[in-house]
Amino acid sequence: MLIYLHIPFCHRICPYCSFYKHTPGATPIPRFIDALLTEARQRMAPPSPVPRTLYLGGGTPSMLSPGHLRRLFDGLAAITNLEALDEITLEANPATFDLAKARLFRELGVRRVSLGIQSFHGPTLGSLGREHTPEQAAESVRLLREAGMPSVNIDLMFSVPGLALDDWRRTLEQTLRLEPDHVSAYNLTYEEDTDFFEMLAKGELDADEDRDADQFLLAREMLTAAGFEHYETSNYARPGQRSSHNHGYWNGEDYLGLGPSAVSTVSGIRTRNVPDTERYVKMIETVGNAATESEALTPAQLRIERIALLLRTSEGVPAELLEETDPSRVVDSGLASLKNGRLVLTPEGLPLVDAIAAEII
């Protein structure tokens, strides 16, 4: 089973981010960590499956103080054997750690850090509301390497309004100079309840499918030429450096989400915790859980989700999942092919994955 811990705290709220997050406020962080560990003890107790991976996301997990990080990881180590996990990933903001803290990440058992760099183009960082500079971003990679971090991922974002193709090329060139183990390159999307969504509605920002495709294809061209495997629509890895946690999610493994707003899918039951940190803590302290939504997924719903997720991967969708669908039009148009009993998108189909999934499903 995959374990996800949601740490909702951020120093600054980025205008494009739709995840549940907030600046530290009324809820003391030690009290929040204690609630998170209480939930973990209850939901990870036998007969719950043994965890395979642990992913700390947010929010900004790396903004937790060294003392808070130790409190959290010591508590997790008392619940499960962290050393036996396939992977422990921590999301980090370049502006939130120094060498001592990077060494602490490693000491606590973190084996993979996903750096939310987003861009090495200063004006783009400004429009995205990021609090680090291009220089700080590059330095954060060096600090993680000096601390002995086994795997470093750089998160990037493209098709940001005002980001020209040459600016995106320079961001990719700088990324390659830093020699990361993994790169996640995400197309900006406009999500409800974000400042960017409101700005798009007012005409202050724009969406451009041609810009999306041009920058997607440039990333694919440059990263694969540099030896990265393009193993999922937005993800590229050096051989042996794929994200085990995310790969499990795309392949339909059960996952347990802990923390405010976290979603779980276990044995076909999907639950969601309350998206409110103060209420989350009080519910854990008083009733022992914080789930406010629960749904039993049908086999048909699970099959559709698996098709949509696997279509994004280089392995593609096995034929047995496609028995009730007709992918012939997508294949005939050259956007996908059937290989070894699996439907796999062609390079021409990759930028259109969402539309193709909707067509097939």
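Mentor: Start with Phe196, which is buried, with a relative accessible area of 4%. The model is predicted, and every value below is computed from it.

Trainee: Which cut-off makes Phe196 buried?

Mentor: Buried means under 20% relative accessible area. By that rule Tyr190 counts as buried too, because its relative accessibility is 17%.

Trainee: How many aromatic pairs does a search of the whole structure find?

Mentor: Ring pairs are judged by the distance between centres, within 6.5 Å, and then by the angle between planes. The search finds nine such pairs here. One of them joins Tyr16 and Phe196, with centres 6.4 Å apart and 55° between the planes, a tilted arrangement. Tyr16 belongs to the loop between β1 (2-7) and α1 (29-43), and Phe196 to helix α7 (residues 195-201), so the pair ties together parts 180 residues apart in sequence. Phe196 also pairs with Tyr190, again tilted, at 6.3 Å centre to centre and 40° between the planes. Elsewhere, Phe9, Phe32 and Tyr280 make up one aromatic cluster.

Trainee: How many disulfides does a search of the whole structure find?

Mentor: A disulfide is a covalent bond between the sulfur atoms of two cysteines. The test used is a sulfur pair within 2.5 Å. The search returns zero. For Cys10 the nearest cysteine sulfur belongs to Cys17, 6.6 Å away. For Cys17 the nearest one is that of Cys14, at 6.5 Å. Cys10 is buried at 10% relative accessibility, and Cys17 is buried at 17%.

Trainee: Which residues of helix α3 are buried?

Mentor: An α-helix has 3.6 residues a turn, so residues three or four places apart point the same way. In α3 (residues 99-107) the buried residues are Leu99, Lys101, Ala102, Leu104 and Phe105. Among the elements that cover them are α2 (66-77), β3 (87-92), β4 (112-118) and α5 (134-146).

Trainee: What is found at the start of α3, and what follows the helix?

Mentor: At the start, a side-chain oxygen of Asp98 comes to within 3.3 Å of the backbone nitrogen of Ala100. After the helix comes Gly109, with a positive phi near 110°.

Trainee: Which residues does UniProt list for the Radical SAM core domain?

Mentor: A record annotation is separate from the geometry, and may be inferred rather than shown by experiment. The unreviewed UniProt entry lists residues 1-229. In the model that span is 40% helix and 17% strand, and its end C-alpha atoms lie 25 Å apart.

Trainee: Where does Leu256 lie, and what is it in contact with?

Mentor: Reading a contact list means comparing positions in sequence with positions in space. Leu256 is in strand β9 (residues 255-258) and is buried at 3% relative accessibility. Beyond its neighbours within four places in sequence, Leu256 touches Met1, Leu2, Ile3, Tyr4, Arg43, Met44, Val263 and Ser264. The C-alpha atoms of Leu256 and Pro51 are 9.1 Å apart, although 205 residues separate the two in sequence.

Trainee: In what order do the three strands of the open sheet stand?

Mentor: A sheet is read from strand to strand through its pairings. Here the order is β13-β15-β14, with antiparallel pairing. β13 (317-318) and β14 (336-339) are the edges; each has a single partner strand, so one side of each has no neighbour in the sheet. Two bridges link β13 with β15 (residues 342-345) in the antiparallel sense, and Pro318 stands opposite Arg342 of β15.

Notes
Residues are numbered from 1 along each chain as its sequence is written. This is a predicted model: local features need pLDDT of at least 70, side-chain atom pairs count only at pLDDT 80 or more; totals for chains, interfaces and linings use all residues. Side-chain values use heavy atoms; hydrogens and water are left out. Buried means under 20% relative accessible area, exposed over 50%, partly exposed in between (1.4 Å probe, protein chains only). Helices (H or I, at least four residues) and strands (E, at least two) are DSSP runs, numbered from the N terminus. Contact means heavy atoms within 4.5 Å. A polar contact is a pair of N or O atoms within 3.5 Å; within protein, one must be able to donate a hydrogen and the other to accept it, and residues adjacent in sequence count only if both atoms are side-chain atoms. Two strands pair if DSSP finds at least two bridges between them. Rings of Phe, Tyr and Trp (its six-membered ring) pair if their centres lie within 6.5 Å; planes under 30 degrees apart count as stacked, over 60 as edge-to-face and the rest as tilted.
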